[in-house]
Amino acid sequence: MTRSRAQDPNVCGVTAAIAVIDGKWKTALLWLLESGPQRPGELRRRVPGLSEKVLTQALREMEADGLVRREVFDVLPLRTEYSLTAFGRDLSVALAPLSDWGHRRLDKLAEGASAEVS
């Protein structure tokens with residue numbers, strides 16, 4: 001899905017929402033930022049397999065979409081923190097039922113797999 005779909009007023013609202021969280025890492029980053037401001041290095045350590053380049057790209061896109069706030073502290077060495085905006089918290093709340101559904105689906109799949117083994 002292209003990023004331009006997130007801004008197209010002629011698409012369904014679900015499509016516009018998914019365009020904003022599309023990608024391998026954005027939902028994980030949203031989930032981590034729910035607990036409070038995080039430095040980029042902390043985020044990278046907490047998400048195995050996430051490169052610095054991809055983290056920077058995802059955070060920039062999320063900032064452009066109004067989901068996260070980037071704050072640079074004027075200290076040496078420079079310190080940067082990312083936090084959810086009110087709009088980003090709204091998205092997290094909206095995704096909570098989808099997360100619950102996903103966990104129920106995983107439980108159902110696990111039940112099916114254990115029934116096949118028995």
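Hi everyone, let's begin at T85, which sits in the loop between β2 and α5. Before going further, please keep in mind that this is a predicted model. Is T85 buried or exposed? T85 counts as buried, because its relative accessible area is 13% and the cut-off for buried is under 20%. Which residues does T85 touch, if we leave aside its neighbours within four places in sequence? The contacts of T85 are then G66, L67, V68 and R69.

Now hop along the chain from T85 to S99. These two residues are 14 apart in sequence, and their C-alpha atoms are 20 Å apart in space. S99 also brings us to our next topic, since S99 is one of the residues that line the largest pocket.

So, the largest pocket. How much space lies in it? The figure is about 280 Å³. Its lining is made up of I21, T27, L30, W31, E34, S92, L95, A96, L98 and S99. Two helices each supply at least two of these residues, namely α2, residues 26-33, and α5, residues 86-117. Which element gives the most to this lining? That is α5, with five residues. Sorted by class, the lining of the largest pocket has six nonpolar, three polar and one charged residues.

Let's pause on one of the lining residues, S92. You will find S92 in helix α5. S92 is buried, because its relative accessible area is 9%, where buried means under 20%. Apart from neighbours within four places in sequence, S92 is in contact with L30, E34 and L84. Please look for L30 and E34 on the pocket list too, as both are among the residues lining the largest pocket.

I21 is another name on that pocket list, and I21 takes us to helix α1, which covers residues 13-21. Which residues of α1 are buried? They are T15, A16, A19, V20 and I21. Here is a handy reminder for looking at any helix: an α-helix has 3.6 residues a turn, so residues three or four places apart point the same way. After α1 comes G23, and the phi of G23 is positive, near 120 degrees.

On to the second largest pocket, with about 180 Å³ of space. The residues lining this one are P40, G41, R44, E52, L55, T56, L59, R60, R70, T80 and Y82. Three elements give two or more residues each to that lining: α3 (40-46), α4 (52-64) and β2 (79-84). The most comes from α4, with five residues. By class, the lining of the second largest pocket divides into four nonpolar, three polar and four charged residues.

Let's zoom in on E52, which belongs to helix α4. Is E52 buried or exposed? E52 is exposed, because its relative accessible area is 51% and exposed means over 50%. Going back along the chain, L32 is 20 residues away from E52, and 16 Å separates their C-alpha atoms.

Last stop, the aromatic rings. How many aromatic pairs are counted? The count comes to zero. There is still a ring to show you, though: R79 lies over the face of F73, at 4.0 Å from the ring centre.

That's my tour, and thanks for listening!

Note on methods
Residues are numbered from 1 along each chain as its sequence is written. This is a predicted model: local features need pLDDT of at least 70, side-chain atom pairs count only at pLDDT 80 or more; totals for chains, interfaces and linings use all residues. Side-chain values use heavy atoms; hydrogens and water are left out. On a 1 Å grid over the protein atoms alone, a cavity is a set of points where a 1.4 Å probe fits but cannot get out, and a pocket is an open set with protein on both sides within 12 Å along at least five of seven lines; lining residues have an atom within 4 Å of a point. Grid points are joined across faces, edges and corners, and a volume is the space filled by probe spheres set on the points. Helices (H or I, at least four residues) and strands (E, at least two) are DSSP runs, numbered from the N terminus. Ala, Val, Leu, Ile, Met, Phe, Trp, Tyr, Cys and Pro count as nonpolar, Asp, Glu, Lys and Arg as charged, and the others, Gly among them, as polar. Rings of Phe, Tyr and Trp (its six-membered ring) pair if their centres lie within 6.5 Å; planes under 30 degrees apart count as stacked, over 60 as edge-to-face and the rest as tilted. A charge sits over a ring if NZ of Lys or CZ of Arg is within 6 Å of the ring centre and within 35 degrees of the ring normal. Buried means under 20% relative accessible area, exposed over 50%, partly exposed in between (1.4 Å probe, protein chains only). Contact means heavy atoms within 4.5 Å.
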